[in-house]
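Got the viewer open? Here's a relaxed walk through the model, one selection at a time.

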Amino acid sequence: MTHTSPSSETVAVSAPAPGSAPIGAEPRRPRRTRRVLLTIGRKVVSAVIVLWGAATVAFFAQLALPGDRATAILNIRAGQAQQRTPAELAQINEQYGLHRPVIVQYFDYLRGLVVGDFGSSYQQYRPVTAIIGEQLGATVTLSLTAIVFAWVLMIVWVTITAGRGPRVGALGSTVDVVAAGLPAYWLGIILLLVFGLGLRWFPIIGGTGVNGLILPALTLAIPLAGFMAQSTRAEFERALEQPFVLSARMRGMGEWGIRLRHVLRHAVIPAITLSGWALGATLSGAVIVESIFSRPGIGSVLVGAVNNQDLPVVVGIVTLVAVVYVVANLLVDIVYTIIDPRLDLS
Amino acid sequence: MTALGSPSVGSGTRPSRAGAAAASLARRPWGLYVAVAFALLLAVAAFAPQALTVHAPTAIDYGAALKPPSFAHWFGTDESGRDLYTRVVWGARESLLIGLGAAAVGVITALILGSIAALGPKPAAVVVDRFVEVMFAFPALLLALLLIAIAGPSAATEIFAVGLGTAPGYARMIRGQILGAKNSGYVEAATALGHSRWRIIRAHILPNALRPLVAVFALSVGQSIVWASSLSFLGLGVAPPSSEWGALLDAGRAYITQAWWLVVVPGLVIVAVALAATTIGRHLQTRLEKGER
């Protein structure tokens, strides 16, 4: 990767290799646009295929309950296994459409997903979308707050410690690795013990306000920050060696100015491409964090549903997270395609 | 790995040699030594827990309930006065078995999927490749939860759930490794020499592509133990009478306001195991990479 001085404002923030644009890029504009559109089209098609595959896996997961499905549903509702009368079974078969051929059920399921119908819960007698809808807000707030916290922590830590000689560098990267490896459940408990029970700065359980959000968000943010810091640090140290840093130094720019205005812009690119992954990771991490802090959200609904074998709810939440993950990655990919000048060359 | 200050050496040696020896000591991978020593200790705990403990893991003593760590009870005691250190040591076997089992399930599944995606006949390769991509869209923990919802919680489900949850990521990696080997000069040379397809795969591609698997397996054991204990912690894995570490942690949550050690210590053990496995895995990785050059 080559790095030039990031003089062109918008491109330098996120393009990986501004230096490699060919001479005479101007006349090629139309070809570039077509190529970009083609690449984006291919990525969208591939994402749609993945989503269709995910929906298919989700559908067949619901068929995988051992034994007769109607009996299984009734037993799940009652919480005990027993023989069911044909009349009981017929009612369930009617309600969930289980008497129809599997292939018909499959296409019905796909059609439902497209219009936002995830079926109904075995246990709560309600549509899965209503159950998820009630709880989604809390989890999304948690997830986005955690991502913001992770970025702040990561940028501060890397900017302070990267490229500061072997001792500080070793400390910096050790902290990255340890933070990335901390299991959420344990980190959450430690934060709870220290800041909730020990210092009493934050509520211990079920805080709904901003105060109740901080510890859960930090629990998700610290491992995420450690993860992003590993790739940012490598890029940061590479960028510090670049000629544009030397030239900035010669212009008399201070160390902090160079780090914040020039180097950081290059260094955060790999972390930006991790955004889709980060969203998926915080949404699935919410399962554990919501359980530790007794927060409402789709994570605690999911744990309850897994316990009760309420498959439509489990499958609905799992599919939703997969969709968010795929779409977020697609968006990151598209933005990347649009601003990546190397497409001119290929 | 942290660089330790140069430790002092025996006084009998001459200053210059002592200095060189000190420098070489400081360069040693101390983190790795600690990790390997810890792994050996775990092996002893798993095979012969009675060698490391004096109490019985189920010895109940209500007089000594919820006592903080002390000389008599290194890690404190739980609500029934059971010694936590003993429970942690006796829990090693189950925790490690689940971790090793899950890592084996994950790596073997990944190996099969990755090999087909890289070497199989075109239609099969495309289908498997897409399938792996689809599974990769589900975060590992959620995939594991989905499997548990279908099969119901138990130690066996936990092993398969964690293994299959982590498999897609490894499958992608293995596919990349095999493709890398397949496009290399030595395979081209072997093809030019007229060697059969199977012979090339067996003699050239697989050995070269799969060498990193040892490191991957070590890394995966650490990861699997963390994932599996997450499931137990959620009450969806091994149930509390067992002293599997995640289950210990889950049981300790009820007493978090009175007995911090019941949650801190099992968690610390899990983190230490994960760190040790990561350290060993990373070391193997760099050694193998150096060997290839």
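Where does A:D117 lie? Select A:D117 and you land in the loop between helix 5 and helix 6 (128-161) of chain A; helices here are DSSP runs of H or I, at least four residues long, numbered from the N terminus. Before going on, some ground rules: this is a predicted model, where local features need pLDDT of at least 70, side-chain atom pairs count only at pLDDT 80 or more, and totals for chains, interfaces and linings use all residues. Residues are numbered from 1 along each chain as its sequence is written, chains are lettered from A in the order in which they are written, and side-chain values use heavy atoms, with hydrogens and water left out.

**Stop 1: around A:D117**

A:D117 counts as partly exposed, at 37% relative accessibility. (Buried means under 20% relative accessible area, exposed over 50%, and partly exposed in between, using a 1.4 Å probe and protein chains only.) Now add A:G119: its backbone nitrogen lies 2.9 Å from a polar atom of the A:D117 side chain. Then show A:T129, which is twelve residues from A:D117 in sequence and 6.5 Å from it in space, C-alpha to C-alpha.

**Stop 2: charged pairs**

Side chains of opposite charge can pair when their charged atoms come close. The structure holds ten salt bridges over all chains, a salt bridge being a side-chain nitrogen of Lys or Arg within 4 Å of a carboxyl oxygen of Asp or Glu.

Select A:R111 and A:D108, whose closest N and O atoms are 3.1 Å apart in a salt bridge. The two are three residues apart in helix 5 (residues 102-114) of chain A, so about one helical turn separates them. A:R111 is exposed, at 53% relative accessible area, while A:D108 is partly exposed, at 31%.

Next, pick A:R126 and A:E134, a salt bridge with its closest N and O atoms 2.8 Å apart. Here A:R126 is partly exposed at 27%, and A:E134 is exposed at 52%.

Which side chain does A:R233 meet in a salt bridge? Select A:D176: the N to O distance is 2.7 Å. A:R233 sits in helix 9 (residues 210-240) of chain A and A:D176 in helix 7 of chain A, so the pair ties together parts 57 residues apart in sequence. Both A:R233 and A:D176 are buried.

To finish this stop, show A:R249, A:E255 and A:R259 together; salt bridges link them in a network.

**Stop 3: A:L182, with a partner in chain B**

Select A:L182, in the loop between helix 7 (165-181) and helix 8 (184-198) of chain A. Is A:L182 buried or exposed? A:L182 is buried, because its relative accessible area is 18%. Setting aside neighbours within four places in sequence, A:L182 is in contact (heavy atoms within 4.5 Å) with A:L187, A:P223 and B:V271. Add A:G226 too: it is 44 residues from A:L182 in sequence and 9.3 Å away in space, C-alpha to C-alpha.

**Stop 4: where the chains meet**

Colour the two chains separately. The contact takes 39 residues from chain B and 43 residues from chain A. About 3,600 Å² is buried between them, and carbon and sulfur atoms give 79% of that; buried area is the accessible area (1.4 Å probe) that two parts lose on being put together, summed over both. How many salt bridges does the rule find across the interface of chain B and chain A? Zero.

**Stop 5: the nonpolar core**

The largest nonpolar core has 123 residues, and A:L302 and B:W245 have the most contacts inside it. (A nonpolar core is a set of buried Ala, Val, Leu, Ile, Met, Phe, Trp, Tyr and Cys residues joined through side-chain atoms within 4.5 Å.) Highlight helix 15 (residues 311-339) of chain A, which gives this core its largest share, twelve residues. Then centre on B:W245, whose contacts beyond four places in sequence include B:L42, B:V88, B:P266 and B:I270.

**Last stop: B:T77**

Finally, select B:T77, in the loop between helix 2 (30-47) and helix 3 (84-119) of chain B. B:T77 counts as buried, at 0% relative accessibility. Among the residues it touches, beyond four places in sequence, are B:A64, B:K67, B:D83 and B:W261.

Conventions. A polar contact is a pair of N or O atoms within 3.5 Å; within protein, one must be able to donate a hydrogen and the other to accept it, and residues adjacent in sequence count only if both atoms are side-chain atoms.
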